[in-house]
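Hi everyone, thanks for coming. Please have a look at the structure on the screen, and I'll walk you through a few spots in it.

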Amino acid sequence: ALPIYQQLAAKGKFTSFLSLIDKAGYKETLSSAGYWTIFAPSDSAFTADTEFAAFIQSRGFSSLSAVDSATAQMMVQYLLVYNAFEKNRIDDYQSSLGWVPDNAFKRRTTYYTGFYQDTSYTGIPYTSVASNRNNNGLVNGYYVPADNNNKYIPYFTSEFLAARGLSQSDYSYFYPGSTFGGFNVANAKVTEKDIAAENGVIHIIDKVVTPLNSIDQYLRNKPQYSLFRSIVERFMVLFINNVDATRRYQVLKGGNQDVAVKVYSNFLAFSPNNENYFKLQDNDGQRDGWTIFVPTNDSLTKYINTVVLQQYTSINALPLSIISDLLNAHMWQSTVWPSKFSSTYNFLGEPAKINNVTDVVDRKVLSNGIFYGTKKVNEPNVFSTVYGKAYLNPNYSLMTRLLDQELKPIITNPNVKYTMFMVSDAVLAAKGYSYSPGSNLWSFGATANDSVRLNLMRMINTGVIETPNNELANLGVTGVNGIAGSYGGEYIKYDGNKVFSVGSIEKNVSVTIDSVRQVLNGQVAYINDLLYYTYRPIGSTMAVLGTPAASEFNYFWNYLRNSTIFNATTFEITGITAGSFYTLFVPNRAAIIQAINDGLLPGTAGVPNFTPTLIADRLKVEKFILY
């Protein structure tokens with residue numbers, strides 16, 4: 001078979017494309033040995049394709065004949081794929097272990113952006129190059145000098161769609177003006193496939209597929225998303241001078257111009273200018289890519305002002321963790337297909353809370369992923385749940401830090417309802433508690449050790465209660481009272497706007513509920529003191545309850561304190577382990593008298609014998625108490 005160039009010339013209907021090849025300087029390449037796949041638009045594709053006309057006009061050209069060599073080169077390179085693939089192989093993923101059938105929808109092209117002019121958020125101009133790896137936080141962990149960051153071209157086959165559980169509607173969602181023919185390349189239909197050439201394979205397409213932007217490039221030129229981009233550029237981007245990129249630029253261009261790599265923070269799910277996907281395997285970009293949902297300026301402005309900045313003065317005042325959570329709620333390390341919004345999870349482990357019909361105003365398949373422009377913010381659970389009321393309030397930074405130790409993944413579940421009592425930094429400080437970020441130590445007065453942290457976590461956990469049926473819906477309302485078990489395994493009592501823990505009762509501390517706020521998965525109650533826990537063993541509590549002679553607990557207590565299983569010094573009961581929780585059912589006076597009459601406890605005619613001498617009677621007391 002003839003080489004690619006000669007085959008196209010012989011067919012007589014590729015004059016326009018061949019003129020681009022000539023102008024791009026690729027005639028010799030496509031006329032000689034090689035192993036290429038080329039998607040070749042016919043002459044009719046050039047005349048009928050309005051998107052092609054818009055593309056060259058955007059670059060300042062009125063017609064195909066006016067296109068310069070640089071533009072011709074980028075167009076030809078983007079339609080030229082490394083290695084030769086017939087249709088039955090092109091949708092197979094070339095993994096390191098071999099071919100995976102029907103698992104790929106992209107191939108690496110010979111086109112890459114290379115050096116370009118960019119500007120930092122602060123207005124500093126840079127001669128720049130895109131990072132070609134996700135930032136791993138290491139020095140130069142964001143750029144490999146020998147990698148050109150080549151762009152990918154997307155294609156869609158019936159077999160791929162079926163294997164991924166997709167349908168033609170997933171294709172037409174992005175290309176509503178195109179007809180799916182079982183083998184499409186971006187918005188073009190393959191009209192003739194598998195034309196064998198000496199140096200590869202030709203697939204003829206009915207539209208001119210022009211080079212796609214990366215997510216970074218697309219955002220750069222869309223003013224309707226400028227707020228989202230400005231937050232990314234302000235907090236998540238650095239331009240870092242690179243010796244290798246500078247040397248290469250100076251060899252190609254001359255002069256002494258420094259070149260900086262545009263580097264995205266490793267706090268982000270991915271680098272929007274990285275065309276290489278994860279690069280865990282050389283070809284993993286064939287089967288997957290990034291996805292980003294970007295809210296329009298008006299929707300994002302409203303959300304930031306009403307939710308994120310309720311307690312902060314400006315975006316600049318926000319902790320970096322809040323900013324990264326806001327951004328990462330919109331970023332997926334995988335392809336989110338239109339029919340899979342609810343089953344594909346973002347960097348925070350949550351699905352898209354976006355309706356693909358009513359909320360999406362812009363949808364694009366780009367060179368390194370999928371872009372959705374939305375009129376709704378994809379609100380993260382860390383903002384919308386009970387956790388968010390602490391997280392988004394700088395006055396509750398210590399509580400947030402304690403919640404992060406254990407409870408965060410639990411109370412951010414939007415499908416489980418909770419009531420959480422809020423303890424402010426001011427309350428903790430007033431009680432003598434503090435935290436030192438430098439030493440990562442919690443202190444209580446002059447005492448600084450990990451026991452302080454554990455004690456605080458226990459008090460915070462006491463104030464987290466699962467309420468699946470809104471059991472505490474009337475919390476804080478006068479006349480409403482009850483008892484509830486907490487996440488920590490302890491109990492709180494509430495009565496109107498008062499709440500009590502065992503420790504607060506012992507300390508005679510009055511804990512007041514100042515207000516209650518509803519959130520996605522329950523409610524939070526703001527309190528003015530700590531929910532202390534008791535240090536007393538349960539035997540000590542029995543002493544308090546049972547010592548008064550008139551107490552209904554008195555008879556049981558006297559049997560207990562005189563028994564062989566009770567330590568009068570430590571108030572410990574044999575068989576009860578410190579750190580574990582127990583429930584005691586205490587028979588009242590009448591029940592004890594009945595037990596005596598029934599022969600279950602030592603005594604005569606209903607009169608207790610609290611100090612029996614017979615072993616058998618002592619065993620009766622032990623068994624009775626332990627039972």
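I'll talk about a helix, then a sheet, then a loop residue.

A quick word on the source: this is a predicted model, where local features need pLDDT of at least 70, side-chain atom pairs count only at pLDDT 80 or more, and totals for chains, interfaces and linings use all residues. Residues are numbered from 1 along each chain as its sequence is written, and side-chain values use heavy atoms, leaving out hydrogens and water.

Let's start with helix H1, residues 4-11 (helices are DSSP runs of H or I, at least four residues, and strands are runs of E, at least two, numbered from the N terminus). Which residues of H1 are buried, meaning under 20% relative accessible area? They are Ile4, Tyr5, Gln7 and Leu8. These four cover an arc of only 165 degrees around the axis, so they sit on the same side of H1 (the arc is taken from the directions from the helix axis to the C-beta atoms). Just after H1, Gly12 has a positive phi of about 75 degrees.

Now the sheet. It is open, with seven strands in the order S22-S18-S27-S26-S25-S24-S23 and mixed pairing; two strands pair if DSSP finds at least two bridges between them. S22 and S23 stand at the edges with a single partner strand each, so one side of each has no neighbour in the sheet.

Finally, Gln311 lies in the loop between helix H12 and helix H13. Gln311 touches Leu392, Asn393 and Pro394, not counting residues up to four places away in sequence; contact means heavy atoms within 4.5 Å.

Key:
Buried < 20%, exposed > 50% of the residue type's maximum accessible area, 1.4 Å probe, protein only.
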